[in-house]
Structure formats: structure tokens, C-alpha cells
Amino acid sequence: TRGPIEVDGDPMTDRIRPQSFTANVAPGFFSALDVRPIAGRTFVDADALAGRQVAVVNRLFVDHVLGGRNAIGRRARR
């Protein structure tokens with residue numbers, strides 16, 4: 001799906017309305033592509049628990065939306 005996203009505690013998202021694209025993937029998605037994260041981790045089985053939502057963001061998101069600040073532990077919403 002596609003839509004605007006806001007990042008808690010981030011003044012940049014008060015000024016711009018970044019768009020996000022989402023897709024549902026299973027644990028093992030990134031290892032199947034032989035892709036490793038720059039920071040943080042990929043998805044694990046525990047992420048699929050009811051009510052738990054996690055995200056992986058790319059370098060473009062970190063640079064343009066977060067101004068290069070660390071994305072780990074940040075809360076985002078649509």
C-alpha cells in the first residue's frame with residue numbers, strides 16, 4: 001500500500017508528508033535476496049505475533065525523511 005507517514009518526535013515530518021510503500025514479507029525475505037541490513041536487523045518469526053508491527057527502511061528514507069538520523073527504535077504511523 002501507499003500513503004503518507006509520520007515519524008514520532010521528528011520535526012521534519014511536520015513540514016513534509018513523505019510517502020511510504022509497504023509490502024508484507026516473511027522472515028527470510030532478505031536472506032533469500034542475499035541482502036543484509038546496514039544497521040539493525042531483518043525480520044524474525046517473533047515479528048509476526050499479533051499486534052506487533054515492524055518496518056525496514058532504506059537509506060533514502062533515512063537521509064531524506066530523518067535527515068540522516070538513526071531510524072532504529074523510531075515509531076512511525078500512517
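Phe 30 is buried, since its relative accessible area is 18% and the cut-off for that label is under 20%. Keep in mind as you look around that this is a predicted model.

**The Phe corner**

Next door in the sequence, Phe 29 comes out differently labelled: with a relative accessibility of 35%, Phe 29 is partly exposed, because that label covers the range between 20% and 50%. How many aromatic pairs are there? The count comes to 2. One of them joins Phe 29 and Phe 30, with ring centres 5.0 Å apart and planes at 85° to each other. That pair is edge-to-face, because the angle is over 60 degrees. Phe 43 joins in as well, so to speak: Phe 29, Phe 30 and Phe 43 make up one aromatic cluster.

**Asp 47 and its loop**

Now over to an acidic side chain. Where does Asp 47 sit? You'll find Asp 47 in the loop that links helix H2 (29-32) to helix H3 (59-64). Is Asp 47 buried or exposed? Asp 47 is buried, because its relative accessibility is 8% and anything under 20% gets that label. Its side chain comes to 2.9 Å from the backbone nitrogen of Val 44. If you skip the neighbours within four places in sequence, Asp 47 touches Arg 41, Thr 42, Arg 52 and Val 54.

Here are the three accessibility values side by side:

| Residue | Relative accessibility | Label |
|---|---|---|
| Phe 29 | 35% | partly exposed |
| Phe 30 | 18% | buried |
| Asp 47 | 8% | buried |

**Stepping back to the whole chain**

The chain holds 3 helices and 4 strands. Reading from the N terminus, the order is β-β-α-β-α-α-β. Of the 78 residues, 19% are buried. The accessible surface adds up to about 6100 Å², and carbon and sulfur atoms supply 55% of that. As for contacts with a separation of 6 or more, 50% link residues that are 24 or more positions apart.

**How far to trust it**

Mean pLDDT for the chain is 80, with 85% of the residues at 70 or more. Which helix has the lowest confidence? That's H1 (residues 12-15), where the mean is 57. Confidence is highest in H2, at 91.

Note on methods: Residues are numbered from 1 along each chain as its sequence is written. Side-chain values use heavy atoms; hydrogens and water are left out. Helices (H or I, at least four residues) and strands (E, at least two) are DSSP runs, numbered from the N terminus. Buried means under 20% relative accessible area, exposed over 50%, partly exposed in between (1.4 Å probe, protein chains only). A polar contact is a pair of N or O atoms within 3.5 Å; within protein, one must be able to donate a hydrogen and the other to accept it, and residues adjacent in sequence count only if both atoms are side-chain atoms. Contact means heavy atoms within 4.5 Å. Rings of Phe, Tyr and Trp (its six-membered ring) pair if their centres lie within 6.5 Å; planes under 30 degrees apart count as stacked, over 60 as edge-to-face and the rest as tilted. Accessible areas come from the Shrake-Rupley method with a 1.4 Å probe; for residues, only the protein chains shown count as cover. pLDDT is the predictor's confidence in each residue, from 0 to 100.
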